[in-house]
Structures are given as C-alpha cells and as structure tokens.
Amino acid sequence: MKFIQNLSFKLKLLLIAIPPLIGVILLSIWLILGLIDKKANLETSKNKIKEAETLAKIIHFMQIERGLSVGFVSSNGIKNKDKITEIRQKVNTLSEEAKNIYSETKGDNSVLNKLNELSTKRSLIDKLEISAPQVGAYYSKTITSILDTTIIIPSLIDDKDSRNSVQAYTHLATTKEQLGQIRANLNGTFTRNSFIEDSYSTFLISLGAFNANTYKFLVLAPEELINFYKNSFKGTSVEKTFSMIAIAKTRGIEGNFNVESSDWFTNVSSSIDILREVEIELYKYIYNKLDERIDNTNNEIYMIISAIILSIFLVVIILFFAMKNILASIYCLQNGLYSFFSY
C-alpha cells in the first residue's frame with residue numbers, strides 16, 4: 001500500500017486504466033488463438049478433401065479401364081484394344097498426380113501401393129492369360145481398397161459440414177463403383193449372351209448396393225447437390241442403361257438377352273460419366289464452402305486485431321487528455337489555494 005501511496009497522481013491513473021486494457025488484450029488473444037485453430041482445422045479438412053478428390057479421379061478411370069479390360073478379354077482381344085492404352089496412360093498420370101498431392105498434404109500415401117500390381121495384371125490381360133471374371137475381380141478389389149481409404153477420410157475431418165459432404169461423396173463414389181462393377185459384369189455377360197459361374201448373383205448384389213448407396217447419398221448431400229443430381233442423372237443414356245439392367249435381371253441365368261455389348265457399354269459409360277459430373281460438382285461445392293469459411297475466419301482475425309489496435313490507441317488518447325485535464329485542474333486548484341493562504 002505504501003508503494004501505491006508514494007506513486008505520483010499520474011501513475012495512479014495509469015495503474016487504474018491499464019489492468020482493464022490488459023484484460024481486453026488477453027481476451028482478444030484468446031479469441032484469435034481459437035480462430036487460428038479453427039482455420040487450421042479447415043485447412044486440414046481441405047487437404048483431406050484434396051486427397052479424396054485425387055483418389056476419386058483414379059477410381060473413375062480405373063472403372064473405365066476395368067470395363068474395357070473385361071470386354072477385351074471376353075472378346076478374345078478383339079474389342080476395346082484401341083481404347084485401353086489411352087485409359088491406362090490416364091490412370092498412370094493420375095497416380096503420379098496423387099503422389100504429388102499426398103506430398104503436398106503430407107498425408108499417408110500407402111493407399112497408392114494398391115496399384116503396384118497393375119502393370120503385371122495388364123500384361124496378363126494383353127496376353128489373354130487371365131479370365132474376364134478374374135479381371136473384373138482384380139479391378140473391383142483394387143478399387144474397393146482405394147474406396148475404403150476415402151470412407152475413413154470423414155473421420156479425420158473436424159469440420160462438421162465438410163465431414164457430412166465428404167460422407168455424401170463416399171456414398172456417391174460407392175454408387176458409381178457399383179454401377180461400374182455392373183458395367184464390367186454385364187459387358188462380359190452381353191458379349192457371351194449369358195451369365196457364367198456366380199456372375200448373376202454378383203450382379204444382383206451390386207445392383208442392391210447401388211440402390212442402397214444412392215439412397216444414402218440423397219439423405220446426406222446438400223440440397224443444391226441433390227437438385228443437381230436429379231436434374232443431371234436422367235435422359236436417354238440413363239433410361240437405356242436401366243432398361244438393359246432390367247432385361248438382365250429379368251432373364252437372369254436363362255440368357256438370350258439380345259443386347260449388344262457395345263450398346264450397353266456406351267450407355268452405361270455415359271451414365272457413369274454423369275455420376276462423375278455430380279462428383280465433380282460436389283467437390284466444387286465443398287471447396288467453395290471451405291474457402292468461404294476460411295475467408296470469414298481470416299476476416300474475423302483481422303477485425304479482432306484491428307479492434308485491439310484501435311482500442312489501445314483510443315485508451316492512450318483518452319488517458320492522455322484525461323490526465324492532462326485532471327492535472328490542469330489540480331494545478332489550478334493548487335495555485336488558488338497557494339494564493340489564498342499567501343494572502
């Protein structure tokens with residue numbers, strides 16, 4: 001107490017004013033740190049979504065490669081020979097792109113090890129040393145393994161909105177994969193004009209999974225994406241695709257479908273391409289929302305920092321003039337008293 005009593009009046013005024021100012025600064029710093037943490041979480045979410053997106057590209061073109069490869073083997077090397085090389089190069093390019101993305105995000109790229117056997121299987125396909133069902137099974141297994149990685153990505157995302165959107169994507173990707181499996185299955189089936197081994201039951205399982213995941217996607221997806229899906233996934237190709245699927249389901253193991261495999265492949269591929277467009281639109285939506293939230297967080301940080309600087313400036317100005325006026329009044333009173341008592 002003696003220390004305070006010994007202070008000048010000016011320092012006592014400062015002692016009263018500074019603690020509230022320090023409290024405001026500390027509170028602001030706490031808010032800023034919270035916003036910085038929020039921004040870091042949003043940027044981590046964006047990195048995870050980048051990983052999911054690059055895997056989605058690989059999956060899409062591997063689905064095309066699977067369909068072409070099954071048709072190639074089923075026709076004893078006659079069909080799709082001119083198309084396979086281009087698709088293989090695309091998958092290779094995307095694999096390198098994925099490595100660069102994972103390097104940028106510092107993520108676990110072990111999922112790309114699933115592609116190590118690809119060149120060996122391609123060699124067997126070119127030599128016709130592997131059956132069509134084995135080709136389909138290999139690609140489906142590899143694609144499913146990659147899909148499994150994308151399924152766990154939402155659990156690594158703290159941001160709820162981004163997590164829900166990525167979960168919607170995983171169901172959309174699974175829907176597209178099931179239709180891709182149906183494409184490969186029926187491509188060989190329509191080429192032979194009959195189901196072989198357990199391909200009919202596999203076809204029914206894929207169709208059931210397609211319907212289930214479509215429903216889940218529509219439950220989780222944002223409304224504007226649902227509208228985009230409904231407005232896009234229709235038309236002649238889609239109608240023909242599901243008409244041929246209905247024929248395969250109805251006639252089953254009896255065969256004699258009277259469906260040209262090339263006609264089937266063209267229409268189902270167009271249908272899958274539409275789902276890919278929905279997939280791309282979903283990623284655009286996620287990125288736009290994330291960028292918007294990151295920008296808003298940056299603006300909040302800048303506003304708080306500006307408020308702190310402005311508050312400090314105003315407090316200093318107010319203190320300066322307050323002390324000047326108070327001290328002037330005190331000096332005036334003091335001089336008046338001195339004059340009075342001198343008299």
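Hi everyone, let's start with a number: the largest pocket holds about 460 Å³ of space. Please keep in mind that this is a predicted model.

So who sits around that pocket? It is lined by 24 residues, and those closest to its centre are Pro133, Gly136, Ala137, Asn185 and Thr202. If you'd like to find the walls on the structure, look for helix H2 (9-74), helix H5 (132-152), helix H6 (160-192) and helix H7 (199-220), the elements that each give two or more residues to the lining of the largest pocket.

Which helix gives the most to that lining? That would be H6, with 7 residues. As for the chemistry, the lining of the largest pocket has 10 nonpolar residues, 10 polar ones and 4 charged ones.

Now let's move along to the second largest pocket, where the space is about 210 Å³. Here 13 residues form the lining, and Ser95, Lys99, Leu112, Leu115 and Asn116 are the closest to the centre of this pocket. Two or more lining residues come from each of these elements: helix H3 (81-105) and helix H4 (118-126). How many residues does H3 bring to the lining of the second largest pocket? H3 brings 5, the largest share.

And the classes for this second pocket? Its lining divides into 4 nonpolar, 6 polar and 3 charged residues.

To help you remember, here are the two main contributors: H6 for the largest pocket, and H3 for the second largest. Thanks for listening, and do have a look at the model yourselves!

How values were computed:
Residues are numbered from 1 along each chain as its sequence is written. This is a predicted model: local features need pLDDT of at least 70, side-chain atom pairs count only at pLDDT 80 or more; totals for chains, interfaces and linings use all residues. Side-chain values use heavy atoms; hydrogens and water are left out. On a 1 Å grid over the protein atoms alone, a cavity is a set of points where a 1.4 Å probe fits but cannot get out, and a pocket is an open set with protein on both sides within 12 Å along at least five of seven lines; lining residues have an atom within 4 Å of a point. Grid points are joined across faces, edges and corners, and a volume is the space filled by probe spheres set on the points. Helices (H or I, at least four residues) and strands (E, at least two) are DSSP runs, numbered from the N terminus. Ala, Val, Leu, Ile, Met, Phe, Trp, Tyr, Cys and Pro count as nonpolar, Asp, Glu, Lys and Arg as charged, and the others, Gly among them, as polar.
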